[in-house]
Amino acid sequence: MPKRFQLSRRRQRLQSCSGWTLIEMTVALFAGSMILTAIVTTTVFVSKSFIAIGNYTDLGKASRLTLDTMSRDIRNATALVSYATNAITLSNQDGTQVTYDWYPATSHFVRSDSSGSRIMLAGCDFLNFHVYQRNPTNNFQFAPATTPSQTKLVDVSWRCSRKILGAKINTESVQTAEIVIRN
Amino acid sequence: MKLRFTIEATAGPSNGLGVAKRAFTLVEVLCSAAILAILCLALFYGLSQGFGMTQTAREALRATQIALTRMEGLRLEAWSTNQLFNPVFVPPNFTESFYPLGLNGSSSTGTVYSGTMTVKTGPFTGDSLVPSYNSNMALVTVVVSWQDNFYGRTNTFARTNYTFVAKYGIQNYVYAQ
């Protein structure tokens, strides 16, 4: 009996040391690659989704703050001092001035007054000002102003975006507004 | 020793150290796969709902922008020369898009918004708190409605904004200058 036991145990050790067959290896590799692909795809998709939702919220918050601040400044202004499609300067009741500039090179939209400058929007891909006179025309339109002193209505629109993994996909914020100077 | 050998032989393949190797049963695998599938479904459903709510919030914000733009422009429509109540100057129906022309960087305009704008003069009745000067005011109602299509479901939304225009307000003295 002891001899039989030793032979049987050696056979068992040999069996436990045997490798996988080719079919086992192929099936395992296939299943493993499928699982890994699913995990990586899911992880990337979920990460992108969370980043996109966060970007939407962040861009919306910045756009609302900027529009509120700019609406206040334009409504309180005594006059428009200077105008370009990417910048306006307004004079205040106290004699100070406030300027809004969009810099296409840095994609920053900056508010400047006597106390300093502040970046209101980052990642601003497009921004455009239009100015109009006080007299309306048909179909809710207004005559364009040719000089800053004629300006009564300021039209502004912008588009901001953020990148996800180097690509600008579905993370943008669009804002448009018309604001009347209440002087 | 004999007893131990017998147990190993009946328990399944041995690793030679006296510990039997056991795999998951089919029921265990099926249960774990079902739980994993439920978790994945919940995750993707949550994400899609998050995207849907974000998209709805963006569209609602744009609708509010459109309504505010209409109401802001009203400040320059003169009451005295009958611009405010003239549908040629203030059309009762209008159409806007999510992306104003050129703002998207492409020709796509996105969601289309349909709007109505009504200007109703006083006197307003039905409320004991209506002020005596209410006949010198006009109630402006702007309704903006739109539809979106999210994962095959069509939803209809609408936003309503109200404002008052005073007969002797800004539009009167500005236009009279």
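Modeller: A residue is called buried under 20% relative accessible area, exposed over 50%, and partly exposed in between.

Colleague: Why, then, is A:M25 called partly exposed?

Modeller: In this predicted model, A:M25 has a relative accessible area of 38%, and because partly exposed is the class between 20% and 50%, that is the class in which A:M25 belongs. The residue is found in helix α2 of chain A, residues 22-76.

Colleague: What makes A:W20, A:M25 and A:L29 a patch on the surface?

Modeller: A patch takes residues with over 30% relative accessible area and no salt bridge, and its nonpolar side chains are joined within 5 Å. A:M25, at 38%, passes that area cut-off of 30%, and together with A:W20 and A:L29 it forms a nonpolar patch with about 370 Å² of accessible area.

Colleague: How many aromatic pairs are there over all chains, and why is the pair of A:F109 and A:F129 called tilted?

Modeller: The count comes to nine aromatic pairs over all chains. For A:F109 and A:F129 the centres are 6.3 Å apart and the planes differ by 45°; the rule asks for centres within 6.5 Å, and it keeps "stacked" for planes under 30 degrees apart and "edge-to-face" for those over 60, so the rest are tilted. A:F109 lies in strand β4 of chain A and A:F129 in strand β6, residues 124-137, so this pair ties together parts that are 20 residues apart in sequence. Both A:F109 and A:F129 are buried.

Colleague: Why is the pair of B:F98 and B:Y99 called edge-to-face?

Modeller: Here the planes are 80° apart and the centres 4.9 Å apart, and because an angle over 60 degrees counts as edge-to-face while the centres need only lie within 6.5 Å, the pair of B:F98 and B:Y99 takes that name.

Colleague: Are B:F98 and B:Y99 buried or exposed?

Modeller: B:F98 has a relative accessible area of 6% and B:Y99 one of 11%; the cut-off for buried is under 20%, so B:F98 counts as buried, and so does B:Y99.

Colleague: Which residues do ring pairs link into a cluster?

Modeller: The cluster consists of A:Y100, A:F109, A:F129 and A:W158.

Colleague: How do you know that the charged end of B:R70 sits over the ring of A:F140?

Modeller: For an arginine, CZ must be within 6 Å of the ring centre and within 35 degrees of the ring normal. The charged end of B:R70 is 4.3 Å from the centre of the A:F140 ring, so the distance condition is met. B:R70 also lies over the face of B:F94, at 4.1 Å from that ring centre.

Colleague: What makes β4 and β5 of chain A a pair of strands?

Modeller: Two strands pair if there are at least two bridges between them, and five bridges join β4 (residues 108-113) to β5 (residues 116-121), which run antiparallel. A:S112, for instance, has A:S117 as its bridge partner in β5(A), and the two strands form a hairpin with two residues between them.

Colleague: How many bridges join β3 and β4 of chain B?

Modeller: There are 14 bridges between these antiparallel strands, against a requirement of at least two. B:Q147 is partnered by B:T156 in β4(B), and in the turn of this hairpin B:Y151 has a positive phi of about 50°. Strand β3(B) also pairs with β2 of chain B, in the antiparallel sense, over nine bridges.

Note on methods:
Residues numbered from 1 in each chain as written. Chains lettered and ligands numbered in written order. Predicted model: local features only at pLDDT ≥ 70, side-chain atom pairs only at ≥ 80, totals over all residues. Heavy atoms only, no water. Helix = DSSP H or I, 4+ residues; strand = E, 2+ residues; numbered from the N terminus. Phe/Tyr/Trp six-rings, centres within 6.5 Å; stacked < 30°, edge-to-face > 60°. Buried < 20%, exposed > 50% of the residue type's maximum accessible area, 1.4 Å probe, protein only. Patch = residues over 30% accessible without salt bridge, like charges linked within 9 Å, V, L, I, M, F, W, Y side chains within 5 Å. Areas by Shrake-Rupley, 256 points an atom, 1.4 Å probe, with all protein chains shown as cover. Salt bridge = Lys/Arg side-chain N within 4 Å of Asp/Glu carboxyl O.
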